[in-house]
4 protein chains.
Amino acid sequence: MNSFGTIFRTTIFGESHGEYVGITIDGCPAGLPLNIQDFIPDIERRKPGAKGTTPRMETDIPKIITGVFNDKTTGAPLTILFDNNNTRSADYEKQQDVPRPGHADFVASKRFGGFEDFRGGGHFSGRLTVCLVAAGVVAKKLLSLSGVHANATIVEIGGETDIEKGLQKAIDAKDTIGGIVQCTVSNLPIGLGSPFFDSVESLISHAVFAIPAVKGIEFGIGFAAAKMFGSEHNDALQNEKGITATNNAGGIIGGITNGNDLVFRIVVKPTSSTPKSQKTLNISSGQLEEFSVKGRHDLCIALRVPVVLEAVTAFVLADLLLQEQRIPKIINNY
Amino acid sequence: MNSFGTIFRTTIFGESHGEYVGITIDGCPAGLPLNIQDFIPDIERRKPGAKGTTPRMETDIPKIITGVFNDKTTGAPLTILFDNNNTRSADYEKQQDVPRPGHADFVASKRFGGFEDFRGGGHFSGRLTVCLVAAGVVAKKLLSLSGVHANATIVEIGGETDIEKGLQKAIDAKDTIGGIVQCTVSNLPIGLGSPFFDSVESLISHAVFAIPAVKGIEFGIGFAAAKMFGSEHNDALQNEKGITATNNAGGIIGGITNGNDLVFRIVVKPTSSTPKSQKTLNISSGQLEEFSVKGRHDLCIALRVPVVLEAVTAFVLADLLLQEQRIPKIINNY
Amino acid sequence: MNSFGTIFRTTIFGESHGEYVGITIDGCPAGLPLNIQDFIPDIERRKPGAKGTTPRMETDIPKIITGVFNDKTTGAPLTILFDNNNTRSADYEKQQDVPRPGHADFVASKRFGGFEDFRGGGHFSGRLTVCLVAAGVVAKKLLSLSGVHANATIVEIGGETDIEKGLQKAIDAKDTIGGIVQCTVSNLPIGLGSPFFDSVESLISHAVFAIPAVKGIEFGIGFAAAKMFGSEHNDALQNEKGITATNNAGGIIGGITNGNDLVFRIVVKPTSSTPKSQKTLNISSGQLEEFSVKGRHDLCIALRVPVVLEAVTAFVLADLLLQEQRIPKIINNY
Amino acid sequence: MNSFGTIFRTTIFGESHGEYVGITIDGCPAGLPLNIQDFIPDIERRKPGAKGTTPRMETDIPKIITGVFNDKTTGAPLTILFDNNNTRSADYEKQQDVPRPGHADFVASKRFGGFEDFRGGGHFSGRLTVCLVAAGVVAKKLLSLSGVHANATIVEIGGETDIEKGLQKAIDAKDTIGGIVQCTVSNLPIGLGSPFFDSVESLISHAVFAIPAVKGIEFGIGFAAAKMFGSEHNDALQNEKGITATNNAGGIIGGITNGNDLVFRIVVKPTSSTPKSQKTLNISSGQLEEFSVKGRHDLCIALRVPVVLEAVTAFVLADLLLQEQRIPKIINNY
């Protein structure tokens with residue numbers, strides 16, 4: 001299913017080379033000011049064009065087709081479309097027999113019986129993350145009502161915390177490269193989430209793995225906890241606001257926000273479409289053959305992930321804030 | 001919410017020191033042979049008593065109260081209870097004012113307004129994982145119909161792959177310690193899962209973070225992907241069965257199983273209840289004070305996680321197999 | 001699936017002749033006072049024993065096994081069991097080959113492949129409505145926080161508004177008989193529900209048809225609207241509280257409560273188990289044969305429906321009030 | 001929420017006077033042939049223009065923007081838009097202070113805090129039923145794979161089974177009028193649905209009350225069952241295919257299809273927008289005032305309901321057939 005959320009619920013649709021990609025947000029409170037300008041900054045952050053990102057340029061002006069009236073949300077479903085106006089299908093036409101390494105071509109064909117729109121990755125394309133970003137813009141505006149702020153940044157590329165250095169490795173190798181992105185959310189109230197299936201970790205990881213190319217997530221000190229003693233890992237409570245001396249738990253205990261910053265990191269695999277020549281199977285011939293990518297692609301897809309990561313995090317948290325009645329159903333004073 | 005799954009749907013309930021903990025499984029196909037003996041091996045694996053685990057002993061004989069007739073599932077909801085017959089509430093009574101470090105006491109009180117059953121962690125207790133294990137037993141029997149097998153093992157304790165050595169560190173330090181557990185699922189068909197919100201990574205991580213103490217998850221090569229080039233990370237397709245030369249993706253591409261083993265690792269934080277003295281806040285006095293644990297607890301909770309991890313993995317996959325019509329709704333030949 | 005609700009979510013389980021039937025309520029706010037005595041009045045109302053109802057007597061003392069601590073809800077899942085301590089399985093054993101007319105025996109066998117627990121109707125039994133009543137008790141206590149009150153009464157038996165007269169018809173005919181039950185809910189706030197799929201009519205009818213033997217529902221003037229002109233049917237708004245001169249709409253416009261009493265009626269078919277001899281198919285022989293009921297049954301099942309109808313109505317409305325933030329998540333002053 | 005369904009899941013969006021109304025269908029199997037021509041017959045049936053219907057004319061050519069490739073469904077979300085190209089907003093602008101009798105204007109304003117798009121009923125408009133019809137077209141194609149066919153017809157207008165006569169009553173009275181629509185579904189397999197919350201009656205009524213103006217539903221003999229004896233109402237089983245001598249149950253026993261035609265009737269209230277002068281409240285002045293409709297409207301909205309009723313029925317049943325694995329996830333031979 002292509003939907004997520006209980007009260008604030010997003011549904012994405014579209015393919016890389018179709019006419020539009022889009023998103024419907026159901027359950028957004030009425031009265032939230034919203035116009036096209038609100039989307040521009042985050043959409044710009046996601047855009048290709050910077051060093052290490054693909055030269056494919058979309059205009060990416062959102063079309064708000066439903067759910068907004070007089071520049072405010074109406075409480076009815078909010079649907080936003082994005083034109084796919086810069087596609088070169090010819091680049092992709094002939095690759096049907098040769099699944100691109102690291103891509104979903106082969107599994108998509110098995111999953112959807114060969115009926116999938118294979119052009120440019122179709123429904124699997126990173127292109128759809130522009131929809132997630134759009135939902136994130138709406139969710140962030142809701143979060144701001146409670147003073148909550150999400151911020152994601154690249155913290156490592158190719159094993160380097162100096163990001164330029166990491167990118168240079170890939171440029172030198174004529175290859176693509178992976179990275180790590182960290183997200184920090186400040187000002188969350190204590191008490192969001194639940195033990196077990198609706199833990200904050202469960203909900204955030206569910207949404208985060210919806211971002212293509214993410215292969216791991218860790219909260220707080222994360223995997224380093226495996227090497228720690230309990231007395232080191234436990235965060236000592238300092239005051240009634242829940243502030244702890246350390247934040248090894250990343251702001252979540254028992255699945256519930258504890259008053260400290262929510263902190264987590266994700267790993268983004270290297271862009272699958274590398275200019276480097278690789279072996280893959282030719283389905284028709286049954287033979288392995290050399291494959292090299294001709295299309296336009298990102299040197300390091302992690303570079304474009306932070307704004308997407310903030311977005312999915314924002315809509316998970318907006319949903320929890322609504323569930324816990326921390327955001328009203330009608331917004332009269334924004 | 002305490003439910004998870006679309007077709008095969010589990011709902012857990014109960015508290016550490018209540019009369020029972022239990023689980024209801026809805027959507028299990030009719031005709032699956034099921035009796036109490038089926039549960040014993042996995043329940044034994046979860047049980048405390050081994051080196052590094054708490055001496056609390058439960059009889060842990062499941063009571064199947066609904067959904068089974070003549071030793072087969074009926075297709076109606078399957079409810080299983082476990083007695084809590086070995087509880088010492090007195091150990092916990094007085095700790096209300098002093099939230100135990102690393103535990104959910106403080107956030108639970110904020111989340112549920114002080115109405116939570118605080119005895120032994122209440123609904124937050126690891127005790128409820130016996131219910132997850134029970135659901136896993138049912139799910140594994142369904143998986144076996146397709147030849148699918150999940151296996152989880154401890155791979156690291158306290159930074160040591162020699163597990164005894166890792167435990168000894170904690171014993172020497174009179175402290176508790178964390179660990180890493182790996183799960184491998186073999187024989188999965190190609191084509192389970194979807195891109196975006198129903199990616200296999202999304203669903204598994206959602207369920208996995210329902211296990212108390214888990215703080216991170218990585219699929220395939222995981223966080224190491226951040227240091228890799230695309231040409232290194234991409235798994236080269238070898239044949240039409242989807243087998244790849246490497247399995248850096250951990251068996252999932254584009255959110256979908258690809259015919260290779262599903263492989264992932266989780267980190268389990270050190271047991272919060274450490275015998276070591278720690279500082280924490282006394283809520284009444286507003287002062288920090290020394291705290292030391294008197295109850296019965298695990299030296300390394302990771303040791304008990306593998307069977308729980310297999311269980312949640314199994315019910316995610318059983319649900320996907322049912323959604324993809326790979327398991328029939330009525331089982332006539334088991 | 002055997003679950004219903006978005007925030008206030010109920011899951012029922014059990015069979016007529018199993019050890020227990022039960023219900024789990026997830027999402028109930030913490031802090032609601034709740035003890036066994038609260039359940040007695042509604043459970044008494046549902047009980048058999050009155051004129052026209054089956055002599056089968058259950059003790060029907062609820063066992064609250066999870067989710068309540070110190071006589072208040074904890075916010076964790078609330079599970080309630082009822083013993084099935086007065087069952088005579090022998091009455092039912094031999095009927096497997098002869099599906100009882102009007103009962104689910106035949107379809108159950110097709111639906112669940114013959115693995116269903118057929119004793120006394122198994123999971124299809126009206127016995128499970130005691131669980132709905134229990135959920136209703138909790139929901140009604142939540143409604144009372146907003147001053148909302150649901151009241152259902154029999155309005156017609158066998159075409160007679162003098163109910164005794166209707167029952168006498170059936171007694172004279174040595175048969176069973178149908179009836180109509182009306183439910184009125186007062187004090188609902190304006191603005192619950194939504195147009196389309198979450199209309200109040202959609203949600204209430206969904207829950208109402210979960211009650212066995214219900215075959216129709218109409219809101220307000222209902223089917224009589226088919227004979228009316230628009231100018232007759234439209235309810236003229238009288239004041240800003242939404243009060244209208246008539247209530248043909250039954251308190252719902254555009255799927256949303258409008259400030260008037262919510263009023264609807266349901267039809268309950270005659271008890272299928274009639275003492276009268278009937279023809280039905282013997283599956284083994286393939287022949288039609290005479291069938292007459294020997295077990296204990298209700299002359300008019302409609303008589304026992306009002307309290308069940310109030311219950312399902314109450315949990316639909318409690319869920320909507322929670323969704324609209326009209327009931328707090330923590331109840332500090334009951 | 002504006003979504004419905006478990007596997008075959010529809011989400012509607014849009015307002016009467018926005019740029020588009022639309023629908024996203026998630027979970028449609030891949031490989032179903034689908035093109036614009038498929039939609040024309042049902043959209044034509046819904047269209048205004050016939051005697052008794054509004055003269056507002058929409059082109060109503062569906063735009064399939066996602067989920068179809070090479071004229072077949074891809075298995076990805078299927079989104080269909082309809083232009084709103086014939087709207088006269090000026091007709092509606094000034095009515096904000098005077099809620100139209102029988103319409104949702106007043107409750108919408110309370111529900112959405114005055115932020116709703118009030119033009120032409122906004123999101124409450126019957127305009128959105130064109131989206132339901134579109135989803136129905138897709139669902140019907142799936143049903144046809146199993147030979148299942150849904151057919152709805154007007155059976156009564158203004159109390160007359162001679163429909164022309166019923167309409168004439170309204171024309172003579174210069175008023176609008178209600179009606180009854182019956183739906184029959186043939187060739188359903190035995191065993192769809194479940195007892196309790198997923199009864200076929202629960203699911204169909206849930207979807208049916210999503211159609212604006214529906215105020216009641218009855219299955220089989222429906223409300224007449226209240227006057228019947230059990231021996232009269234019970235349908236006697238005739239053969240192993242489930243065929244019964246009568247069909248008072250309307251094809252559903254215990255919430256489950258029983259092999260006979262599924263038969264139900266709904267009541268559609270008279271069009272609220274009647275040309276007749278009526279009293280209503282002027283919110284600004286607090287005074288009652290005369291109100292008469294100037295816009296274009298239907299004399300009898302029931303006339304346009306049959307195709308919408310078939311549509312929602314079809315998507316409920318398609319969902320159940322998918323859940324019961326009676327429709328494959330990939331359609332190779334249509």
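By what turn and what shift along the axis can chain B be laid on chain A? The turn is 180 degrees, and the shift along the axis is 0.0 Å. The RMSD of that superposition is 0.0 Å. The two copies are thus related as by a two-fold rotation axis. Keep in mind that this is a predicted model.

The contact surfaces of these two copies can be compared as well. Of the interface residues of chain B, 100% are also interface residues in chain A. The copies therefore meet through the same surface.

Now turn to chain A and chain C. Here nine residues of chain A are in contact with nine residues of chain C. Three residues of chain A stand out: I7(A), Q325(A) and K329(A). Together they supply 66% of the area that chain A buries against chain C. No other three residues supply more. Between them, chain A and chain C bury about 700 Å². Carbon and sulfur atoms carry 45% of that area.

What polar links cross this interface? The rule finds two salt bridges between chain A and chain C. One salt bridge joins E324(C) to K329(A). Its closest N and O atoms are 3.2 Å apart. That pair counts as a salt bridge because 3.2 Å falls within the 4 Å cut-off. K329(A) thus appears twice in this account: in the salt bridge with E324(C), and among the three residues that supply 66% of the buried area on the chain A side. Seven residue pairs are in polar contact between chain A and chain C. The side of chain A that touches chain C divides into four nonpolar, three polar and two charged residues.

Next, look inside a chain. Helix α6 of chain A covers residues 200-208. How many of its nine residues are buried? Nine of the nine are, and the helix is mostly covered. The run starts with V200(A), E201(A), S202(A) and L203(A). I204(A), S205(A), H206(A), A207(A) and V208(A) are buried too. In general, an α-helix has 3.6 residues a turn, so residues three or four places apart point the same way.

Chain B offers a single residue to follow. A207(B) lies in helix α6 of chain B, residues 200-208. Why does A207(B) count as buried? Its relative accessibility is 0%, and the cut-off for buried is under 20%. Leaving out residues up to four places away in sequence, A207(B) touches F4(B), V312(B) and V316(B). G5(B) is 202 residues from A207(B) in sequence. In space, their C-alpha atoms are 9.2 Å apart.

Note on methods:
Residues numbered from 1 in each chain as written. Chains lettered and ligands numbered in written order. Predicted model: local features only at pLDDT ≥ 70, side-chain atom pairs only at ≥ 80, totals over all residues. Heavy atoms only, no water. Buried < 20%, exposed > 50% of the residue type's maximum accessible area, 1.4 Å probe, protein only. Helix = DSSP H or I, 4+ residues; strand = E, 2+ residues; numbered from the N terminus. Contact = heavy atoms within 4.5 Å. Least-squares fit on C-alpha atoms with pLDDT ≥ 70 in both. Buried area = accessible area lost by both parts, 1.4 Å probe. Salt bridge = Lys/Arg side-chain N within 4 Å of Asp/Glu carboxyl O. Polar contact = N/O pair within 3.5 Å; in protein donor to acceptor, adjacent residues only side chain to side chain. Nonpolar A, V, L, I, M, F, W, Y, C, P; charged D, E, K, R; others polar.
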